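Reader: I would like a close look at one part of this model. Please take the aromatic rings and what surrounds them, and go step by step.

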Amino acid sequence: MTMQPPPAHETPADEAEGRAIQDRLRGLVVLDEPGPAPGTGLVTGVDVAYDDEKDVVVAAAVVLDAETLETVDEATAVGTITFPYVPGLLAFREIPTVLEALESLTVDPGLVICDGYGLAHPRRFGLASHLGVLTGLPVIGVGKNPFTFSYEAPGPRRGDFSPLLDGDEVVGRALRTQENTNPIFVSVGHRIGLDNACAHTLRLARRFRQPESTRRADALCRQTLREATA
């Protein structure tokens with residue numbers, strides 16, 4: 001079977017075109033692969049920070065050894081905001097700079113973890129799915145809030161979870177990564193299953209609510225934004 005090259009990024013002219021692009025690319029999301037085993041290979045956290053007054057967007061990619069959580073590589077990119085803030089279309093603001101940061105890495109990113117959503121999206125095509133389709137990489141979305149979806153609180157112990165629901169449809173999980181903290185919200189992006197996505201997230205959130213990959217990418221992009229706008 002010949003693998004088709006990933007599609008190129010498209011910047012829409014308006015909201016309607018953005019939704020049409022998402023609807024078209026959604027059919028390329030791969031949902032029948034389990035993904036890499038937790039604790040193996042490399043995992044890369046990506047995050048974005050903005051200065052809307054100056055139209056600056058910064059992306060950071062931090063690569064960790066999945067077993068030891070040691071930082072293996074990191075890269076940043078600074079860009080110009082080219083699409084307005086529209087809920088459900090945030091990927092179009094972020095992806096060009098995220099792609100540039102990923103392309104600047106000196107190692108293969110392995111599994112990518114976004115501070116955002118994959119299938120947990122109104123059109124089932126959030127940042128994690130969009131980025132996966134454009135790169136061909138396995139991607140997980142890990143969000144800090146449930147977006148527009150509903151859930152019942154998971155049990156109090158680390159590893160407890162409950163389904164994240166759109167009506168009766170499961171679009172992700174509310175996952176408790178630490179006791180006495182709010183859950184985080186895990187959804188499949190591309191080329192990984194939900195059980196595996198949650199297992200990776202738990203391994204990466206050993207001490208804090210957020211995965212270590214996200215914490216390091218967040219710190220790096222905030223530092224880079226301060227430098228870029230000083």
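Author: What follows starts with the rings, moves to the pocket, and then turns to two helices. Keep in mind that this is a predicted model.

Start with how rings are compared. A pair of aromatic rings is described by the distance of the centres and the angle of the planes. The structure holds 4 aromatic pairs. One of them joins Tyr117 and Phe147. Their centres are 5.1 Å apart, and the planes make an angle of 20°. That pair is stacked.

Where do Tyr117 and Phe147 sit in the chain? Tyr117 is in the loop between strand E4 (111-114) and helix H3 (127-135). Phe147 is in the loop between strand E5 (139-143) and strand E6 (161-166). The two residues are 30 residues apart, so the pair links distant parts of the chain.

Now add a third ring. Phe147 also pairs with Phe149. Here the centres are 6.0 Å apart and the planes stand at 75°. The cut-off for edge-to-face is over 60 degrees, so this pair is edge-to-face. Together, Tyr117, Phe147 and Phe149 form one aromatic cluster.

Are these three rings buried or exposed? Tyr117 has a relative accessible area of 15%. Buried means under 20%, so Tyr117 is buried. Phe149, at 9%, is buried too. Phe147 has 30% and is partly exposed.

Two other rings have a charge for company. Arg93 lies over the face of Tyr50, 4.5 Å from the ring centre. Arg215 places its charged end over the ring of Phe208, at 3.6 Å from the centre.

Next comes the pocket. The largest pocket has a volume of about 720 Å³. It is lined by 30 residues. Closest to its centre are Leu90, Glu94, Asp115, Gly116 and Tyr117. So Tyr117, buried at 15%, belongs both to the aromatic cluster and to this central group.

Which elements supply the lining? Strand E1 (42-51), helix H2 (91-103), H3 and helix H5 (212-229) each give at least two residues. E1 has the largest share, with 5 residues. By class, the lining has 17 nonpolar, 6 polar and 7 charged residues.

H3 deserves a look of its own. It is mostly covered, with 8 of its 9 residues buried. The buried ones are Leu127, Ala128, Ser129, His130, Leu131, Gly132, Val133 and Leu134. What lies over them includes helix H1 (15-26), E1, H2, E4, E5 and strand E8 (184-190). Just after H3, Gly136 has a positive phi of about 80°.

Finish with His200. This residue is in helix H4 (residues 194-204). Its relative accessibility is 3%, so His200 is buried. What touches His200, apart from its neighbours within four places in sequence? The contacts are Pro36, Ala37, Pro38, Gly39, Val43, Leu111, Ile140 and Ile192. Compare that with Ala230. His200 and Ala230 are 30 residues apart in sequence, and their C-alpha atoms are 36 Å apart in space. Tyr117 and Phe147 are also 30 residues apart, yet their ring centres are 5.1 Å from each other.

Notes. Residues are numbered from 1 along each chain as its sequence is written. This is a predicted model: local features need pLDDT of at least 70, side-chain atom pairs count only at pLDDT 80 or more; totals for chains, interfaces and linings use all residues. Side-chain values use heavy atoms; hydrogens and water are left out. Rings of Phe, Tyr and Trp (its six-membered ring) pair if their centres lie within 6.5 Å; planes under 30 degrees apart count as stacked, over 60 as edge-to-face and the rest as tilted. Helices (H or I, at least four residues) and strands (E, at least two) are DSSP runs, numbered from the N terminus. Buried means under 20% relative accessible area, exposed over 50%, partly exposed in between (1.4 Å probe, protein chains only). A charge sits over a ring if NZ of Lys or CZ of Arg is within 6 Å of the ring centre and within 35 degrees of the ring normal. On a 1 Å grid over the protein atoms alone, a cavity is a set of points where a 1.4 Å probe fits but cannot get out, and a pocket is an open set with protein on both sides within 12 Å along at least five of seven lines; lining residues have an atom within 4 Å of a point. Grid points are joined across faces, edges and corners, and a volume is the space filled by probe spheres set on the points. Ala, Val, Leu, Ile, Met, Phe, Trp, Tyr, Cys and Pro count as nonpolar, Asp, Glu, Lys and Arg as charged, and the others, Gly among them, as polar. Contact means heavy atoms within 4.5 Å.
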